[in-house]
Amino acid sequence: MSTRWTTDDVWALAPDPPSRKAAVKTADPSLWSAAGHRFAVGSAAPAVWGECAGSGRTSYRVAAELDSPPAYRCSCPSRKTPCKHALALLHL
């Protein structure tokens, strides 16, 4: 993966085509709040995070550490890794 992530880098992480398609819809900036990022600091990898409005009352909390390999965490009930929310966050 290149130093700066490209759209192709993000979509290469998708577990299947339906996840990618769902992530494209979820990458709408109006669905996201509390977004932020951390540049690489010392031994800590760069990271991104945010909250994505879902169909329920509470937003899903999503974070991704952009190390090699990347790590993801989301409060959604999906069993896919990364889930559509993590993919959408990386795409944004």
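**Exercises on a predicted fold**

In this chain, residues 24 or more positions apart account for 38% of the contacts with a separation of 6 or more. The model is predicted.

**Exercise 1.** State how many helices and strands the chain has, and give their order.

*Solution.* Start with the count: there are 3 helices and 4 strands. Now read along the sequence. The pattern is α-α-β-β-β-β-α. Next, set the chain against the globule rule. The radius of gyration is 13 Å, close to the 12 Å that the rule gives for 92 residues, so the chain is as compact as a globular protein of that length. Finally, take the principal axes. Along them, the C-alpha atoms fill a box of roughly 40 × 25 × 25 Å.

**Exercise 2.** Describe how strands β3 and β4 are joined.

*Solution.* Locate the strands first. Strand β3 covers residues 60-65 and strand β4 covers residues 71-74. Then take their direction: the two run antiparallel, joined by 4 bridges. Look at what lies between them. β3 and β4 form a hairpin, with 5 residues between them. Now pick one pair. Glu65 has Ala71 in β4 as its bridge partner.

**Exercise 3.** Work out what share of the chain is buried and what supplies the exposed area.

*Solution.* Apply the cut-off: buried means under 20% relative accessible area. Buried residues then make up 30% of the 92 residues. Turn to the surface. The chain exposes about 6100 Å², and carbon and sulfur atoms supply 52% of that area.

**Exercise 4.** Find how far apart the mean positions of the positive and negative charges are.

*Solution.* Count the charges: 11 are positive and 7 are negative. Compare the two mean positions. They are 9 Å apart.

Technical notes. Residues numbered from 1 in each chain as written. Predicted model: local features only at pLDDT ≥ 70, side-chain atom pairs only at ≥ 80, totals over all residues. Heavy atoms only, no water. Rg over C-alpha atoms; globule rule 2.2 N^0.38 Å. Buried < 20%, exposed > 50% of the residue type's maximum accessible area, 1.4 Å probe, protein only. Contact = heavy atoms within 4.5 Å. Areas by Shrake-Rupley, 256 points an atom, 1.4 Å probe, with all protein chains shown as cover. Lys, Arg positive; Asp, Glu negative; His and termini not counted. Charge placed at Lys NZ, Arg CZ, Asp CG, Glu CD. Pairing = 2+ DSSP bridges.
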